[in-house]
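Visitor: Got a model here I'd like to walk through. Can we start with the empty space inside?
Guide: Sure, let's look.

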Amino acid sequence: MPSIIFENHDYFSESNCFSLGYAENFADKKFSPNWHEHIEILVCKKGNATITLDDRKYSFAKNNIIIVNPNVIHSFKGVENAGFYCMHIDSSFIKVNFENVRNTLLTEFIEYDQKLLEIFDELCATYNSDDCLKTAKIKILLLKLLILLFENHSTDNAYSTYNSKAYKRTKNVMSYIESNFSNELTLNQLAAIANINKYQLAREFKAATGKSVFQYINHLRCKAASAMLKNGASVTEAGESCGFKNLSYFSATYKKYIGVLPGKTKPR
């Protein structure tokens, strides 16, 4: 699953109301903190890992299910060769079909639910099939999955950070960074967007994401540069386009976050 800051999910359409991906063999790698307006469902198939949802940490092992409610900052740290499915469900699909409960929060951690797992496996199999009725069957399975979740795993208790002003400010800053990472960014500039001083921003951002503001910016820039390099861009072009003004600094930072020098990233 690609790690991005604010996921717009413009791939959703009338016939494609969800996305599904699988990741494995990523021991000791960490997916960058991100947030979005859609429900995300994670199902662990092997190994174990740690999921952070705002300031809450969960141990994630085989057959566990994690529900990421809308607008929750989340990140994933994998160990022991964990493998998991990640599904995003379009918020408009939920709005249309679950109008009366669409703002209901779901339980974040489900240790085991056989029926949910069976439906999820059937959904995955259908998604990967060549069935001519695939789209219609997927929608039916999504409805079944969501009905089970809202009936059996909803919660009336708001999580501690769900309406937190600090987390809302952090998410606004994250969205701004994603849209402007190729430009010069300063802590004072970002603090002004959040309407707080730079010291408070630094504390709140670190608490919400586990990264400093500039660790976050540089990681995002390096991932964007990596995509450009894989598409054939030169090292200089990728570095400059992603906000690095100094080629040597770009190379050192890229190696820190991606694990190799920019010149070692091969085109697709």
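Guide: First, a term: helices and strands here are DSSP runs, numbered from the N terminus, with at least four residues for a helix and at least two for a strand. Also, this is a predicted model.

Visitor: Fine. How many cavities of 30 Å³ or more does a search of the whole structure find?
Guide: The search finds 2.

Visitor: What volume has the second largest cavity?
Guide: About 40 Å³.

Visitor: Which residues line the second largest cavity?
Guide: Ile 41, Val 43, Ile 65, Ile 67, Leu 116, Phe 120, Leu 145 and Leu 149. By class, that lining has 8 nonpolar residues, no polar ones and no charged ones.

Visitor: And which elements each supply at least two residues of that lining?
Guide: Two strands and two helices: β4 (39–53), β6 (65–68), α2 (114–127) and α3 (134–152).

Visitor: Now packing. How many residues has the largest nonpolar core?
Guide: It has 30 residues. Ile 41, Met 87, Phe 120 and Leu 142 have the most contacts inside it. At least two residues of this core come from each of β2 (18–24), β4, β6, β7, α1 (91–97), α2 and α3. The largest share is from α3, with 8 residues.

Visitor: What does Met 87 touch, not counting residues up to four places away in sequence?
Guide: Phe 18, Ser 19, Leu 20, Ile 39, Glu 40, Ile 41, Phe 120, Leu 123, Leu 142 and Leu 145. Apart from the largest core lies another, of 29 residues. Tyr 167, Leu 229, Tyr 254 and Tyr 257 are among them.

Visitor: Switching to His 88. Where is it found?
Guide: In strand β7, residues 74–89.

Visitor: Why does His 88 count as buried?
Guide: Because its relative accessibility is 3%, and buried means under 20%.

Visitor: Which side chain does His 88 join in a polar contact?
Guide: That of Glu 40, at 3.1 Å. Glu 40 also appears among the residues that Met 87 touches.

Visitor: Last one, Thr 265. Where is that, and is it buried or exposed?
Guide: Thr 265 sits in the segment after α9 (247–258). It is buried, with a relative accessible area of 12%.

Visitor: Which side chain does the Thr 265 side chain make a polar contact with?
Guide: The side chain of Tyr 254, at 2.6 Å. Tyr 254 belongs to the 29-residue core.

Visitor: What else is Thr 265 in contact with, leaving aside neighbours within four places in sequence?
Guide: Besides Tyr 254, the contacts are Ser 226, Leu 229, Lys 230 and Val 260.

Conventions: Residues numbered from 1 in each chain as written. Predicted model: local features only at pLDDT ≥ 70, side-chain atom pairs only at ≥ 80, totals over all residues. Heavy atoms only, no water. 1 Å grid on protein atoms, 1.4 Å probe; cavity = no way out; pocket = protein on both sides within 12 Å on 5 of 7 lines; lining within 4 Å. Points joined across faces, edges and corners; volume = space filled by probe spheres on them. Nonpolar A, V, L, I, M, F, W, Y, C, P; charged D, E, K, R; others polar. Buried < 20%, exposed > 50% of the residue type's maximum accessible area, 1.4 Å probe, protein only. Polar contact = N/O pair within 3.5 Å; in protein donor to acceptor, adjacent residues only side chain to side chain. Core = buried A, V, L, I, M, F, W, Y, C linked by side-chain atoms within 4.5 Å. Contact = heavy atoms within 4.5 Å.
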